[in-house]
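Colleague: Please take a close look at the barrel in this model. I should like a connected account of its strands and of the helices set against them.

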Amino acid sequence: MKTTTIDNLKAIKADGNKFAAITAYDFSFASLIEAAEIEVTLVGDSLGNVIQGQDTTLPVTVDEMAYHTAAVKRGIARSLLVTDMPFMSYGTEVQALDSAAILMQAGAQMVKLEGGEWLANTVYSLAERGIPVCGHVGLTPQSVHKLGGYKVQGREDAAAQKMLAEAKVLEEAGADLLVVECVPSSLGKALAQLLDIPVIGIGAGPDTDAQVLVLHDMLGISRKPPKFSKNYLAQASSIQEAISTYGNEVRGGVFPGPEHCF
Ligand code: KIV
């Protein structure tokens with residue numbers, strides 16, 4: 001595998017192919033992800049749930065994200081390293097620049113932020129300063145209390161149209177990737193068709209340009225794995241094999257199946 005760049009990911013989309021992403025929080029798992037040639041590694045703030053045992057991602061701090069980013073960075077060479085900006089670390093543009101600087105200096109190659117149109121100026125500021133940005137729309141776990149739980153988003157037409165418009169705004173502001181979480185498959189497909197940048201789905205159907213899963217969900221060791229995940233360790237003889245099979249199934253269009261979609 002070549003070193004993943006934003007241009008590589010855009011070319012994969014332009015060629016009608018798919019790529020895989022997965023979360024990692026430490027050196028050992030990151031090394032397995034690298035060996036499996038997974039194109040994108042995400043240090044997700046899901047570490048609040050799967051590493052720290054918190055009920056939500058809200059308690060996670062920038063310093064914790066930086067610590068895990070540095071550990072993951074030591075395990076990967078070619079996979080593109082994206083790190084989540086945690087809750088309230090980008091409430092203002094200035095805060096976002098300060099937080100992103102810490103994460104990029106810890107080894108991130110791109111930062112991910114949850115939200116829609118309100119982030120346009122922040123995305124623009126980061127991108128203008130050479131910091132690649134991944135947006136995150138749909139179910140945005142940092143807003144769980146506002147959303148009233150971990151629910152499928154964008155089921156109604158008006159909500160779907162709003163999400164499409166906000167995603168376009170993020171792209172126009174300079175985002176290079178977009179994650180869309182927990183939406184009907186039709187909306188995942190519409191987002192991938194609308195945007196030029198690659199759209200990475202999680203519980204967003206088979207027609208996004210890429211898929212991402214939380215590592216602990218796909219190894220079957222999370223407290224409550226979501227419907228949209230698949231336990232790859234169940235049929236594998238090693239964690240390495242499980243991660244490789246996931247990557248191959250994403251690139252081959254095998255995952256997600258109908259049972260993982262809304
Ligand atoms: O924190 C995370 O792991 C994420 C993924 C669910 C996309 O944001």
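Modeller: Eight strands form a closed barrel in the order S1-S2-S3-S4-S5-S6-S7-S8, with parallel pairing. The twist from one strand to the next averages 25°, where angles run from 0 to 180 degrees between N-to-C directions and axes are lines fitted to C-alpha atoms, for helices over the stretch in contact. Strands (E, at least two residues) and helices (H or I, at least four) are DSSP runs numbered from the N terminus, and two strands pair if DSSP finds at least two bridges between them.

The model is predicted: local features need pLDDT of at least 70, side-chain atom pairs count only at pLDDT 80 or more, and totals for chains, interfaces and linings use all residues. Residues are numbered from 1 along each chain as its sequence is written, and side-chain values use heavy atoms, with hydrogens and water left out.

Within the barrel, S3 and S4 pair in the parallel sense over three bridges, and Asp84 stands opposite Lys112 in S4. Five of the five residues of S4 are buried (under 20% relative accessible area, 1.4 Å probe, protein chains only), so S4 is largely enclosed by the rest of the structure. In a regular strand the side chains alternate between the two faces of the sheet. Both faces of S4 are covered, with Met110, Lys112 and Glu114 buried on one side and Val111 and Leu113 buried on the other.

Further along, strand S6 (residues 177-181) pairs with strand S7 (residues 199-202) in the parallel sense over four bridges. Val199 in S7 is the bridge partner of Leu178. Helix H1 (residues 6-14) packs on the sheet and touches strands S1 (19-23), S2 (40-43), S3 (80-84) and S4 (110-114), as well as S6 and S7; contact means heavy atoms within 4.5 Å. The direction of H1 makes about 130° with that of S1. Helix H8 (residues 157-173), by comparison, lies across strand S5 (133-138) and S6, and runs at about 175° to S5.

In strand S8 (residues 210-213) lies Gln211, which is buried with a relative accessible area of 3%. Beyond its neighbours within four places in sequence, the contacts of Gln211 include Phe19, Ala20 and Ala21, together with Ile200 and Gly201. Also among them are Gly205, Pro206, Tyr246, Val250, Phe255 and Pro256.

Key: Buried < 20%, exposed > 50% of the residue type's maximum accessible area, 1.4 Å probe, protein only.
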